[in-house]
Amino acid sequence: MRIEILAIGRLKDQAEAEIISRYQKRFDQVGRACGLGPLGIKDFPESRYAVAEERKAEEAERLLSAAGRSLVIVLEVAGRTLSSEEFARHLQRLADQGTKSCAFLIGGPDGHGEQVLTAAALKISLGPLTLPHGLARVVLAEQLYRAATILTNHPYHRA
């Protein structure tokens, strides 16, 4: 199952970009053994509209257009919190059910537009803390890699 991270906001911090790239490469290597990957990552500029609802609507349109026919999973503060093991099992279930591609959507500073929330097959939260978007991408990329290691019994995950 092909996986994408689609995010609003350009990464400005080179260190974050390097960490994400490292986990992306690791995921691609380990994920093959359990039918996951490759991992694609795309970001989009924030909307320039003056009103938050208009910004969210435009950003939602861009994210959903990029997701295409992929199953949509939205990162949302009010979403479900999953343990790493639950997250791994969920990805495996999707792959086992024949899901061809899955897109994880990260909204802009104003959050997600209603179109994205309606399209979501699942809404997940990385926790109750507010994270900068770059750091949220790092955490998601690491958790995708961790999920692949859990599914392949790789020693990375020792919990």
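# Notebook: cysteines, a central strand and two cores

I began with the cysteines: the sulfur of Cys34 lies 13 Å from the closest cysteine sulfur, in Cys102, which is too far for a bond. A disulfide would need the two sulfur atoms within 2.5 Å. I should add that I am working with a predicted model.

I then looked from the other side. Cys102 is in no disulfide either, and its nearest cysteine sulfur is that of Cys34, 13 Å away. I wrote down zero disulfides for the structure.

Next I asked myself: is Cys34 buried or exposed? Cys34 has 11% relative accessibility, so I count it as buried. Cys102 has 1% relative accessibility, so it goes down as buried too. The cut-off I used for buried is under 20%.

**Strand 1 and its partners**

I moved on to strand 1, residues 2-8. How many of its seven residues are buried? I noted six, so strand 1 is largely enclosed by the rest of the structure.

Then I looked up which strands pair with it. Strand 4, residues 101-106, runs parallel to strand 1, with six bridges between them. As an example I picked Ile5, whose bridge partner in strand 4 is Phe104. Strand 2, residues 39-44, is also parallel to strand 1 and is joined to it by six bridges. Here my example was Leu6, which has Lys42 as its bridge partner in strand 2.

I also followed the chain from strand 1 to strand 2. Together with helix 1, residues 14-31, these two strands form a right-handed β-α-β unit.

**The nonpolar cores**

A reminder I put in the margin: in soluble globular proteins, nonpolar side chains tend to be buried together.

With that in mind I looked up the largest nonpolar core, which has 30 residues. Which of them touch the most other members? My list reads Ile3, Phe27, Phe87, Leu91, Phe104, Leu140 and Leu144. Several elements give two or more residues to this core, including strand 1, helix 1, helix 3 (84-96) and strand 4. Helix 5 supplies the largest share, eight residues.

I chose Phe87 for a closer look. Setting aside neighbours within four places in sequence, I found Phe87 in contact with Leu82, Phe104, Ile124, Leu140, Gln143, Leu144 and Ala147. Phe104 was already in my notes as the bridge partner of Ile5.

Apart from the largest core there is another, of 12 residues. Among its members are Leu6, Ala60, Ala67 and Val74. I had met Leu6 before, as the residue bridged to Lys42.

Terms used. Residues are numbered from 1 along each chain as its sequence is written. This is a predicted model: local features need pLDDT of at least 70, side-chain atom pairs count only at pLDDT 80 or more; totals for chains, interfaces and linings use all residues. Side-chain values use heavy atoms; hydrogens and water are left out. Buried means under 20% relative accessible area, exposed over 50%, partly exposed in between (1.4 Å probe, protein chains only). Helices (H or I, at least four residues) and strands (E, at least two) are DSSP runs, numbered from the N terminus. Two strands pair if DSSP finds at least two bridges between them. A crossover is right-handed if, with the strands pointing away from the viewer, the path from the first strand over the helix to the second runs clockwise. A nonpolar core is a set of buried Ala, Val, Leu, Ile, Met, Phe, Trp, Tyr and Cys residues joined through side-chain atoms within 4.5 Å. Contact means heavy atoms within 4.5 Å.
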